[in-house]
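Subject: The structure I promised you

Hi,

Here is the structure we talked about. Have a look at it first, then read my notes next to it.

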Amino acid sequence: MEEQQLIRLSKRMSKALRHDPARLGLTLDPAGWVPVADLLRALGVTRADLDEVVENNNKKRFAFDASGSRIRASQGHSVPVDLGLVPVPPPVVLYHGTVAAALESIKAEGLRPMNRHHVHLSATRDTAVAVGARRGKPVILVIQAARMAAEGHEFYISANGVWLTDHVPPGYLTG
Ligand code: HQG
């Protein structure tokens, strides 16, 4: 598949597996899985197309289960799912990329999940720059993650390496 086709199919899969399964007549199980056969039918694509997206997706957004018969998004849902993530100790600092327009509110109330289940954080500044750049000129916040964990906040890491937490209070943010 051409790059553009891969991106287009990946976006349709994100919509189906993270945000609006009902629109395609799909129902996610409580852990976010759908039978691959159902997804293929709903999207009108072949298993080979799907495999290509799962394999080549730039962020490894989707994963098959051990049997290869079910698929889910590894993170980023807006519909309720329980991914069964277990808390893990974070590195000393994590990064979040945002834009200047959000700063005043972030400084007042901290980082909130907004439409997602968790606040998304990254282990590297470079990744945070790319995330922030989706919205404009990126502004990078440094999160004192180890201190948060020591003070009772839980962190998770998704199957594709995104760090997740429920809320980052303003006291743990540095610029
Ligand atoms: C901001 C993409 C005002 C936050 C990316 C962000 C990532 C606040 C926006 C993943 C706020 C939410 C997640 C507050 C947070 N007041 N604004 N209190 N707290 N914000 O897209 O982190 O392509 O839900 O800074 O690469 O940008 O979907 O989160 O600007 O990994 O796989 O509210 O989405 O991955 O935006 O991105 P998002 P995000 P995928």
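Below is what I found, going from the overall layout to single residues.

One thing to keep in mind from the start: this is a predicted model.

**The layout**

The protein chain is split into two domains, with domain 1 covering 3–73 and domain 2 covering 94–174. If you take the centres over C-alpha atoms, domain 1 and domain 2 sit 26 Å apart.

**Helix α1 and its two partners**

Start with helix α1, which is made of residues 3–19. Its axis and that of helix α2 (residues 36–43) come within 11 Å, and the two cross at roughly 120°. How should we describe α1 relative to α2? The word is oblique, because the angle falls outside the 65 to 115 degrees that count as roughly perpendicular and is not over 145, where roughly antiparallel begins. The crossing of α1 and α2 is also right-handed.

Which residues make this contact? On the α1 side you'll find L9, R12, M13, A16 and L17, and on the α2 side L39, A42 and L43. Sorted by class, the contact of α1 with α2 has 7 nonpolar residues, no polar ones and 1 charged one.

Now turn to helix α3 (residues 47–56), which packs against α1 at an angle of about 90°, with the axes 10 Å apart. An angle between 65 and 115 degrees counts as roughly perpendicular, so that is the term for α1 and α3. In this contact, L6, L9, S10 and M13 of α1 meet D49, L50, E52, V53, V54 and N56 of α3. The contact of α1 with α3 divides into 6 nonpolar, 2 polar and 2 charged residues.

While you have the helices on screen, find L9 and M13. Both are part of the contact with α2, and both turn up in the contact with α3 too.

**Two residues in helices: L43 and R18**

L43 belongs to helix α2. Is it buried or exposed? L43 has a relative accessible area of 6%, and anything under 20% counts as buried, so buried it is. Leaving out residues up to four places away in sequence, L43 touches L9, R12, M13 and L24. L43 and A16 are worth a look as a pair: they are 27 residues apart in sequence, and their C-alpha atoms are 8.8 Å apart in space.

R18 sits in helix α1. With 8% relative accessibility, R18 is under the 20% limit and therefore counts as buried. What does R18 touch, if we skip residues up to four places away in sequence? The list is M13, R61, A73, Q75, G76, H77, S78, V79 and R116. For a sense of distance, R18 and P91 are 73 residues apart in sequence and 27 Å apart in space, C-alpha to C-alpha.

**Loop residues**

Next, some residues in loops. Two of them have a positive phi without being glycines: K60, at about 50°, and M114, at about 55°.

- K60 is in the loop between α3 and β2 (62–64). Its relative accessible area is 42%, so K60 is partly exposed.
- M114 is in the loop between α4 (100–109) and β5 (119–121). M114 has 69% relative accessibility, so it counts as exposed.

N115 lies in that loop between α4 and β5 as well. Its relative accessibility is 67%, and since over 50% means exposed, N115 is exposed. Apart from neighbours within four places in sequence, N115 is in contact with H77 and S78. Those two names should look familiar, as H77 and S78 are among the residues that R18 touches. The C-alpha atoms of N115 and V168 are 15 Å apart, with these positions 53 residues apart along the chain.

Finally, D82 is in the loop between β3 (70–73) and β4 (93–99). With a relative accessible area of 54%, D82 is exposed. Setting aside neighbours within four places in sequence, D82 is in contact with P30 and A31. D82 and T165 are 83 residues apart along the chain, and 14 Å separate their C-alpha atoms.

Happy clicking, and shout if you get lost!

Cheers

Note on methods:
Residues numbered from 1 in each chain as written. Predicted model: local features only at pLDDT ≥ 70, side-chain atom pairs only at ≥ 80, totals over all residues. Heavy atoms only, no water. Axes fitted to C-alpha atoms, helices over the stretch in contact; angles between N-to-C directions. Helix = DSSP H or I, 4+ residues; strand = E, 2+ residues; numbered from the N terminus. Parallel < 35°, antiparallel > 145°, perpendicular 65-115°, else oblique. Left-handed = near helix turned anticlockwise from the far one by under 90°. Contact = heavy atoms within 4.5 Å. Nonpolar A, V, L, I, M, F, W, Y, C, P; charged D, E, K, R; others polar. Buried < 20%, exposed > 50% of the residue type's maximum accessible area, 1.4 Å probe, protein only. Domains from an automatic or database assignment.
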